[in-house]
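Welcome! Please take a moment with the sequence and the 3D view, then try each exercise before reading its solution.

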Amino acid sequence: MDDLTLEQALTQRQTGRRAVIAGDEPEVKLVIFELTGQLYAVHGARIREILVGSELFFVPGAPPSLEGVVNVRGDIEAVIRPNALLQLPESHYGPQAAILLSRGTELSVGLRVERVLNVLDLPKSAIQPPPATLPDSLANKMQGVFFWHGKSVTLLDLDALLSDYAQGIG
Amino acid sequence: MDLPNQSVSMVLFWLGEWRVGVEASQVRGVRPGATSLATLHPKPVNQRPLVGQPLALLFLDESGQEQELPITGPVELVTLPVHAIHPLPPLLAARMGLPGLRALTLEGTTPAQGVILLFESLAKSRTLDIINPCDDRVTVV
């Protein structure tokens, strides 16, 4: 190995750092949450608010997965449990349960989740395509998969999720 | 957003366990109804108690004929301020699938007090007379 001078070594490190900064890849902000032990995420830009401890108004005649409506400073929003949409068993909600007030391209909704784990910025390259083995009924609602603290997190396609729900799925 | 300081007069009543409202201008009157809801609907009456007395809500259909809608009391005439009338969230509207259901109002300030379903024209909407008031789901006859 060629011996460098100290100055050369420092210059090399600085050049490398500038290259990293100049080539910073785009990141996305994601909200990670949990449902029945599974981790999911949605784009942070689609989340208007995260509510904890809000009470819901029951709406008679609504399907069971539509838990009710929440009053957010005078505006009401429907709140759904996405478990059936994602082919998951029923959740058990504890004190950490939250409502993600989500805004899709055309529809908005409150998503009832067991707990919100984190909000983070993730390089886009870290998101891999969903497994090819997934059934179409699930794959169409997933944008990809990434790993967070060694656990697999499924990135959901909010528009597809809400579209399916509006059509009576889940 | 500042909402105009206006209101809508509504008649509120019960359809089984549903608290429902329609514009007061559509209601011609209320009269004592059948002695038992079981005589109106072939499905067995469930064990949940009726909220009140069986009544019949009188309204005019599109041809101007007087029609009756079986309801239960109490029947209330209320004035709802515009800010208390909430448009139906689109996802809720899509999944409930009740023609004529247009808005909600929250009865009181606590969730325990419930939601009132606000329907548009009784004459145009045939939803209300196909709802089985003995069940909290819509039954298509």
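The exercises below walk through chain A and chain B of this predicted model.

**Exercise 1. The layout of chain A**

Work out how many helices and strands chain A has, and in what pattern they follow along the sequence.

Solution. Start with the count: chain A holds 3 helices and 10 strands. Next, read along the sequence, where the pattern is α-β-β-β-β-β-β-β-β-α-β-β-α. Now turn to overall form: for 170 residues the globule rule gives 15 Å, but the radius of gyration of chain A is 21 Å, well over that value, so chain A is more spread out than a compact globule. As a last step, look at the box filled by the C-alpha atoms of chain A, roughly 80 × 40 × 30 Å along the principal axes.

**Exercise 2. Inside and surface of chain A**

Find what share of chain A is buried, and describe its surface and charges.

Solution. Begin with burial: of the 170 residues in chain A, 42% are buried. Then take the surface, which comes to about 9,300 Å² of accessible area, with 51% of it belonging to carbon and sulfur atoms. The charges come next: chain A carries 14 positive and 20 negative side chains, and the centres of these two sets are 3 Å apart. Finally, consider contacts between residues at least 6 apart in the sequence of chain A; 57% of them join residues at least 24 apart.

**Exercise 3. Three threonine and arginine positions in chain A**

Decide for A:Thr154, A:Thr36 and A:Arg73 whether each is buried, partly exposed or exposed.

Solution. Take A:Thr154 to begin with. This residue sits in strand S10 (residues 151–156) of chain A. Its relative accessibility is 13%, and the cut-off for buried is under 20%, so A:Thr154 counts as buried. Setting aside neighbours within four places in sequence, the contacts of A:Thr154 are A:Leu39, A:Tyr40, A:Ala41, A:Met142 and A:Gly144.

Move on to A:Thr36, in the loop between strand S1 (27–35) and strand S2 (38–43) of chain A. At 24% relative accessibility, A:Thr36 is partly exposed. Check its backbone too: phi of A:Thr36 is near 45°, a positive value in a residue other than glycine.

That leaves A:Arg73, in the loop between strand S4 (66–72) and strand S5 (75–80) of chain A. With a relative accessible area of 68%, A:Arg73 is exposed. A:Arg73 is not a glycine either, yet has a positive phi of about 50°.

**Exercise 4. The open sheet of chain B**

In what order do the 8 strands of the open sheet in chain B lie, and which are the edge strands?

Solution. Trace across the sheet: the order is S3-S4-S5-S1-S2-S8-S7-S6 (chain B), and the pairing is mixed. The edge strands are strand S3 (27–32) and strand S6 (86–87) of chain B, each of which pairs on one side only. As background, strands of a sheet pair through backbone hydrogen bonds, either parallel or antiparallel.

Now step inward from the S3 edge. S3(B) pairs with S4(B) in the antiparallel sense over 5 bridges, and here B:Arg31 has B:Ala56 in S4(B) as its bridge partner. In strand S4 (residues 54–60) of chain B, 6 of the 7 residues are buried, so this strand is largely enclosed by the rest of the structure.

Continue to strand S5 (residues 66–81) of chain B, which pairs with S4(B) in the antiparallel sense over 7 bridges. B:Phe59 is matched with B:Gln67 in S5(B) as bridge partner. The hairpin of S4(B) and S5(B) has 5 residues between the strands, and B:Gly64 in that hairpin takes a positive phi near 85°. Strand S5 of chain B also contains B:Pro74, and the peptide bond from B:Gly73 to B:Pro74 is cis, with omega near 10°.

Elsewhere in the sheet, strand S7 (residues 101–106) and strand S8 (residues 115–119) of chain B pair in the antiparallel sense over 5 bridges. There B:Leu101 has B:Phe119 in S8(B) as its bridge partner.

**Exercise 5. Placing B:Val8**

Where is B:Val8, and with which residues is it in contact?

Solution. First locate B:Val8 in strand S1 (residues 7–15) of chain B. Its relative accessibility of 26% makes B:Val8 partly exposed. Leaving aside neighbours within four places in sequence, B:Val8 contacts B:Glu23, B:Val78, B:Thr79, B:Leu80 and B:Ile85. To finish, compare with B:Arg31: B:Val8 and B:Arg31 are 23 residues apart in sequence and 23 Å apart in space, C-alpha to C-alpha.

Methods: Residues numbered from 1 in each chain as written. Chains lettered and ligands numbered in written order. Predicted model: local features only at pLDDT ≥ 70, side-chain atom pairs only at ≥ 80, totals over all residues. Heavy atoms only, no water. Helix = DSSP H or I, 4+ residues; strand = E, 2+ residues; numbered from the N terminus. Rg over C-alpha atoms; globule rule 2.2 N^0.38 Å. Buried < 20%, exposed > 50% of the residue type's maximum accessible area, 1.4 Å probe, protein only. Contact = heavy atoms within 4.5 Å. Areas by Shrake-Rupley, 256 points an atom, 1.4 Å probe, with all protein chains shown as cover. Lys, Arg positive; Asp, Glu negative; His and termini not counted. Charge placed at Lys NZ, Arg CZ, Asp CG, Glu CD. Pairing = 2+ DSSP bridges.
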